[in-house]
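The following paragraphs lead the reader through a protein chain, beginning with a single residue and widening to the sheets around it. Please keep the sequence and the structure in view while reading.

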Amino acid sequence: DGWGSVVALSSDIALVGFQYANGYEGVVSVYEQSKFGDWVRVEDLFLHEAESSYSSFGYSVDIDGDVACVGELDGVHLFRRDSTKWAQFDTIDISLSPCS
């Protein structure tokens with residue numbers, strides 16, 4: 001399933017990509033470090049069902065504070081954390097790139 005093939009850290013948040021999970025649809029798990037130092041999975045990020053078939057979501061991950069970038073075969077998906085949840089707020093579609 002590719003678990004842990006890509007990891008990104010920012011302070012007390014870790015993103016772990018699973019690009020082959022769910023038949024290549026992929027998932028990214030969000031972990032937060034507790035005050036005791038252990039890492040707890042708090043949320044899983046997915047693509048919408050219509051976008052997810054064989055996308056390898058979680059192929060790459062990066063994080064800077066409350067903004068996360070998740071790569072897949074045709075683009076990059078941007079997520080922002082509010083006080084408790086992560087929500088997708090934009091997508092960069094690279095399938096339309098003149099270089100592809």
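Val28 is found in strand E3, which covers residues 27-33. Is Val28 buried or exposed? In this predicted model, the relative accessible area of Val28 is 0%, so the residue counts as buried. Apart from its neighbours within four places in sequence, Val28 is in contact with ten residues, which are drawn from several parts of the chain: Leu15, Val16, Gly17, Glu43, Asp44, Leu45, Phe57, Gly58, Val61 and Val70. The C-alpha atoms of Val28 and Val6 are separated by 9.5 Å, and these two residues are 22 apart along the chain.

The strand that holds Val28 belongs to an open sheet. Four strands make up this sheet in the order E1-E2-E3-E4, with antiparallel pairing. E1 and E4 are its edge strands, each of which pairs on one side only. On average, neighbouring strands of this sheet are turned by 20 degrees against each other, direction ignored. Within the sheet, E2 and E3 pair in the antiparallel sense over six bridges, and Ala14 stands opposite Tyr31 in E3. As a general point, strands of a sheet pair through backbone hydrogen bonds, in either a parallel or an antiparallel manner.

The connection between strand E1 (6-10) and strand E2 (13-18) is a loop that contains Ser11. Ser11 has a positive phi of about 60 degrees although it is not a glycine. With a relative accessibility of 72%, Ser11 counts as exposed.

A second open sheet of four strands has the order E5-E6-E7-E8, and its pairing is antiparallel. Its edge strands are E5 (60-64) and E8 (86-93), each pairing on one side only. The twist from one strand to the next averages 20 degrees.

In a regular strand the side chains alternate between the two faces of the sheet. Strand E5 shows such an alternation: Val61 and Ile63 point to one face and are buried, while Ser60, Asp62 and Asp64 point to the other and are not. Val61 is also one of the residues in contact with Val28. E5 pairs with E6 in the antiparallel sense over five bridges, and the bridge partner of Ile63 in E6 is Ala68. The two strands form a hairpin with two residues between them. Gly65, in the turn of this hairpin, has a positive phi of about 65 degrees.

The next pairing joins E6 (residues 67-72) to E7 (residues 75-81), in the antiparallel sense and over six bridges. Here the bridge partner of Val67 in E7 is Arg80. The charged end of Arg80 sits over the ring of Phe89, 3.9 Å from its centre.

Which residues form an aromatic pair? A search of the whole structure finds one such pair. Phe57 and Phe79 form this pair in an edge-to-face arrangement, with 6.2 Å from centre to centre and 65 degrees between the planes. Phe57 lies in the loop between E4 (39-45) and E5, and Phe79 lies in E7, so the pair ties together parts that are 22 residues apart in sequence. Phe57 is buried, with a relative accessible area of 0%, and Phe79 counts as buried at 3% relative accessibility. Phe57 is also among the contacts of Val28.

The loop between E4 and E5 also holds Ser56. Ser56 counts as buried, at 7% relative accessibility. Leaving aside neighbours within four places in sequence, its contacts are Gln19, Tyr24, Glu25, Gly71, Glu72 and Leu73. The C-alpha atoms of Ser56 and Leu73 are separated by 6.2 Å, although the residues are 17 apart along the chain.

These details can be set against the chain as a whole. The protein chain has one helix and eight strands, which follow the pattern β-β-α-β-β-β-β-β-β along the sequence. Of its 100 residues, 37% count as buried. The chain exposes about 6,100 Å², of which carbon and sulfur atoms supply 52%. Among contacts between residues at least 6 apart in sequence, 32% join residues at least 24 apart.

Notes: Residues are numbered from 1 along each chain as its sequence is written. This is a predicted model: local features need pLDDT of at least 70, side-chain atom pairs count only at pLDDT 80 or more; totals for chains, interfaces and linings use all residues. Side-chain values use heavy atoms; hydrogens and water are left out. Two strands pair if DSSP finds at least two bridges between them. Axes are lines fitted to C-alpha atoms, for helices over the stretch in contact, and angles run from 0 to 180 degrees between N-to-C directions. Buried means under 20% relative accessible area, exposed over 50%, partly exposed in between (1.4 Å probe, protein chains only). Contact means heavy atoms within 4.5 Å. Accessible areas come from the Shrake-Rupley method with a 1.4 Å probe; for residues, only the protein chains shown count as cover. Rings of Phe, Tyr and Trp (its six-membered ring) pair if their centres lie within 6.5 Å; planes under 30 degrees apart count as stacked, over 60 as edge-to-face and the rest as tilted. A charge sits over a ring if NZ of Lys or CZ of Arg is within 6 Å of the ring centre and within 35 degrees of the ring normal.
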